[in-house]
Structure formats: C-alpha cells, structure tokens
Protein chains: 2
Amino acid sequence: MRDSSGKTSIWQAIADALRSDLSEGKYAPGDKLPTEAALAERFGVNRHTVRHGISVLVEEGLIRTRRGSGSFVAATPTDYPIGQRVRFHENLIAAGRRPDKRALQIEVRSATEGEAKALQIAPTDPVCAYHGLSLADGQPIAVFESLFPIQRLAGITGTLAKTSSVTEALRLCGISDYTRRSTRLTAVRATAMQALHLQVSEGVPLMKSSSVNVDETSTPVEYGRTWFAGDRVTLTLEG
Amino acid sequence: MRDSSGKTSIWQAIADALRSDLSEGKYAPGDKLPTEAALAERFGVNRHTVRHGISVLVEEGLIRTRRGSGSFVAATPTDYPIGQRVRFHENLIAAGRRPDKRALQIEVRSATEGEAKALQIAPTDPVCAYHGLSLADGQPIAVFESLFPIQRLAGITGTLAKTSSVTEALRLCGISDYTRRSTRLTAVRATAMQALHLQVSEGVPLMKSSSVNVDETSTPVEYGRTWFAGDRVTLTLEG
DNA sequence: TGTTATGATATGTATAGTTGTATAGATTTT
DNA sequence: AAAATCTATACAACTATACATATCATAACA
C-alpha cells in the first residue's frame, strides 16, 4: 500500500489531512481536536505517528497543544498597530477580535532608577504597578506591566482594580487623553513565568515593548512594558 | 537533565514565583496566601499543579497549610533561650512574639519513681500535673507537662486553672523567684497526640526538654517536660 | 449568654483521561 | 551499512472532576 507508489510518509499524510480539515473550517479556532489516541485509532496507526503529524502543524502555528488538556486550533495572528495613539481595546476591536484583560497583580512600590527616569519622577517615588495579561478571543497574547506615578494620579490603584482598562483608569484620574511619546522594541526569550501565562514553551521568542505615554502637557503618565507572544501578534508601524 | 534542557516544569515555576513573593515580603509571616483555586486561576493552570508547587514550599518549611482554612506563611523559628532563668512569657516577648498558653489538663496524681526523684520527694507523693500548649503568635510551638509537689505548694492546682502562668502560680504559692537547676535535651518523634496539638504530622522530630526548677533554697518546685516543634523553635544556650 | 446547626469555603484524596518524553525494536528507504 | 519511519511500551506531567474532611462565620435556638 504505502510502498506501492506514493512517497509521502504516513505522518505527512496525517498532517495534510488535518491541515485540510482546518482550512475547510471543520474545526473553528479554539476548537479542540480529537485526542491523539482517537486520531491514531481513526487512521489506524500508532499514536507517535499522529504526534509527528500534529507537530508539523504546531510548527506551522496552526495548532496549539496543551499537556493534559488536548490539541486546539490556534487563532490567527493579530495585527497590533503601534503609533501615536495605542489603545489595546480599540486595536483589537479594529482587528476583529474580542479583547480582554486579566489583572494578575496590582501593587504599590517605589520606582527603580530606570523607571523613575522614564516617568520623570524622583527615584524611589511611589508608583502603582499593574501586572496583567492581555487576551484576544480568550487567547493570551501578551503579559504587561504598567507603572503609574501615584503622586500625579491619586486613587488610580483602586480604579485599576475595578476597570482593568488603562484608558478608563487614567480618564477617572483626570487624564482625558494621552499619546505615546516613545516605544522601544526588542526580542527576548520567554521566562518560565511568562511562558506559563502566555501558554507557550519556555524560551520562545517574545517581542518586548517599552513605552512611555504622556498627557496633553507632555507629562509622563504611564511607563509600560509589554511582552507579546511572537507567533500571535504582528506589530504594525504606521508610516 | 531537566535543567540542562532549559525547561522548567509548571509546578516549579509556580513554586519559584511564590518563593520570590515570600522573599520580597509580599506576604508577611502568618499571612494567608490566596486559595489554591485563586492561584490556579491566576496562573491559568489546574489546582493540582498549584498544589504541587505549594507542597514544595511546605517541604522547605516556608509555608504551612491547614485543611479547611488555607495556606499560611510559616513563622520564622522562634529563638528560645535556655539558661538560669527560663520564663516562657518573657522569652517570647523578647523574641518579638505574642505568647499564649492553653491548659489542656490539670490533675492531681501520685508521682512516678523518676518524677519523685527529680522533685526530691517521696515516691507516690501527690503532684499537680499541668498539661498544656504553648503558642507564639497563635501558632503552637510546644506541648508541656509541668509537675508541682503539692505538699510544698498548697493550692497551686486551683491557681494554675486561673492564671495558666507557671511563674504567676508559683508566686501565689510564695515562690517569688526560681531558677533552673538542670535541663536535658533529646530529640524524639511526635506521637499522634502531640502531633495533633502541635498541628504537625505524626512522627516529625521534636526537641524534648526535661528540666527542674528550684527555689532560693535549692528546693525543687517544678519538674517540667516540654516538647518543642523542631521547625518552629530554636533553642539557644547562653555561654 | 452560650451552645448547636448549618452553609460556605478551603484543603486533602481519589480516579481517570490527555499530552510529553524516553527507550527499544522492527521495517523501510537511501 | 546507515538513516528515516513506524510500532510498541512505559512512565511523567498536567488536566478534569468528584467527593471527603476540616474550618469558619453566622444564624437559630435553648
């Protein structure tokens, strides 16, 4: 059978079969694929052969697997424009996705030297550190840490806990509008904790963004660092 | 093998995260950690995985868990000096802790041979046996049994029931001061009953102290045996 | 007032299912 | 002969679910 004419290996045939299933919309993004055991039974092959086929699609970014849980259809990468006005919520709505944020930790601490410099405050001045997770259609796309100068934004700590929206929180502190002054991008490897939150493997490349947002008087109101999952987000720069 | 490949397991990442939280002082000793369910939600993993991470810190002695109550930051070991003058209350105050005693049982019985010898009384002479629990900041640190020669200390039984303080009870019996004549230390395993009171697992190591306190005339007034929880108390010997 | 009952909450335990990894061997292809 | 492919087996790691058991706060009750 196999050796008669075709040179395609079994694992390749399985990968092709699954790929066409996906392109035909048989499984929607986020859907759970049959278990490896079920697929092995369906194709009449060993489970390892199925795994080989699946690994190809994982490599292509079409499938995400989660140990103990199953294999899932991956969402297509999200376009995320970075320009003068960067708004997470608006950006994702514009990209046709459902945005969501999850607060991981909100604390008040003193700023480090570099943070104080970015925010143009005195070293060791208190800041509100907002640690969280950004999701698109329920899939995590970035972890972030936003720092706010408390002395300029009284009460923002309590506000963040309720809204989880930076724009909203700033508005309630009297900042009706803010613009991005600077953005710096680098590529880093995911730490174990970042990988855990982003549901990727430790060490995969992330895009790290360090940015400063200022109000109408050009006074820094937020210093944010965001780590985007490289295979789920495409940063776009206008111009 | 695992660390060479650079992959950190999830439970290890969680243990690391919690450990750094503790070392950063995010949670003070005695504080309650978030529930396992809350941590599982925060990390986006199953509760069992969180439990695995927590169990590591429990093993390290950084965390104590209490079924039905929660997980708590373990208090650092209490320094307990043993010298000429040993006063439970004073010792713990000096260590910056809140002392407390809980009487478990107070009975009058006849002394055993060894007890009589230690107290220098006739065998089968009646003694007041004071069984109790010592706590620091609400956490049990020792179970003890104090024996008092009734014939020398009339009315001490009723006094103990009120004050629970050995020093106070002896003072009310005319013993204005007492000093320690001897202390013997051994290590034993916690019996089921001791483990229950100390809220530890059966079989964990305890430090057993057998001591004799004498009044100004060098007459024994108390023969005490104390079982300290090994991981919550550090006995210090001056000199 | 003090005791008991009750419900909500939290940890402990058990079982089963799923993906990840390792090892070994057989078969086919190069 | 060597490499790639596939099978077979076993175990580790994580998930999912259910239930047991301990604790705590509160209400009901004597």
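This is a chat about a predicted model with protein chains A and B and DNA strand C.

Student: Which domains does chain A have in the domain assignment?
Tutor: The assignment gives domain 1, residues 10-73, and domain 2, residues 78-237.

Student: And what separates their centres?
Tutor: The centres of domain 1 and domain 2 of chain A, taken over C-alpha atoms, are 35 Å apart.

Student: OK, the largest nonpolar core. Which residues touch the most other members?
Tutor: That core has 18 residues, and B:I14, B:L22, B:F43 and B:V50 touch the most other members. In chain B, α2 (10-23), α3 (36-43) and α4 (47-60) each supply at least two residues of this core. Of the elements, α2(B) gives the most, with five residues.

Student: What is B:F43 in contact with, leaving aside neighbours within four places in sequence?
Tutor: On the chain B side, B:F43 is in contact with B:I14, B:A17 and B:V50. From chain A, B:F43 is in contact with A:M193, A:L196 and A:H197.

Student: Which residues does the second core include?
Tutor: Among its 14 residues are A:I156, A:C173, A:I175 and A:Y178. This core is separate from the 18-residue one.

Student: Switching to the DNA. How many residues surround strand C?
Tutor: There are 25 of them, and the closest are A:R47, A:H48, A:T65, B:R47 and B:H48.

Student: Which elements supply at least two residues each to that surface?
Tutor: In chain A, they are α3 (47-60), β1 (63-66) and β2 (70-73). In chain B, they are α4, β1 (63-66) and β2 (70-73).

Student: How do the residues of that surface divide into nonpolar, polar and charged?
Tutor: The surface near DNA strand C has 13 polar residues, twelve charged ones and no nonpolar ones.

Student: What part of the DNA atoms within 4 Å of the protein belongs to sugar or phosphate?
Tutor: For DNA strand C, 64% of those atoms belong to sugar or phosphate, and the rest belong to bases.

Student: Which part of the strand is 2.7 Å from the side chain of B:R47?
Tutor: A base nitrogen of DNA strand C is at that distance from an N or O atom in the B:R47 side chain. With B:T65, a side-chain N or O atom is 2.9 Å from a phosphate oxygen of the strand. For B:E36, a polar backbone atom is 3.0 Å from a phosphate oxygen.

Student: New topic. Where is A:D137?
Tutor: A:D137 is in the loop between β5 (126-136) and β6 (139-149) of chain A. Its phi is positive, about 55°, although A:D137 is not a glycine.

Student: Why does A:D137 count as partly exposed?
Tutor: Because its relative accessibility is 35%, and partly exposed lies between under 20% for buried and over 50% for exposed.

Terms used
Residues numbered from 1 in each chain as written. Chains lettered and ligands numbered in written order. Predicted model: local features only at pLDDT ≥ 70, side-chain atom pairs only at ≥ 80, totals over all residues. Heavy atoms only, no water. Domains from an automatic or database assignment. Core = buried A, V, L, I, M, F, W, Y, C linked by side-chain atoms within 4.5 Å. Buried < 20%, exposed > 50% of the residue type's maximum accessible area, 1.4 Å probe, protein only. Helix = DSSP H or I, 4+ residues; strand = E, 2+ residues; numbered from the N terminus. Contact = heavy atoms within 4.5 Å. Near = heavy atom within 4 Å. Polar contact = N/O pair within 3.5 Å; in protein donor to acceptor, adjacent residues only side chain to side chain. Nonpolar A, V, L, I, M, F, W, Y, C, P; charged D, E, K, R; others polar.
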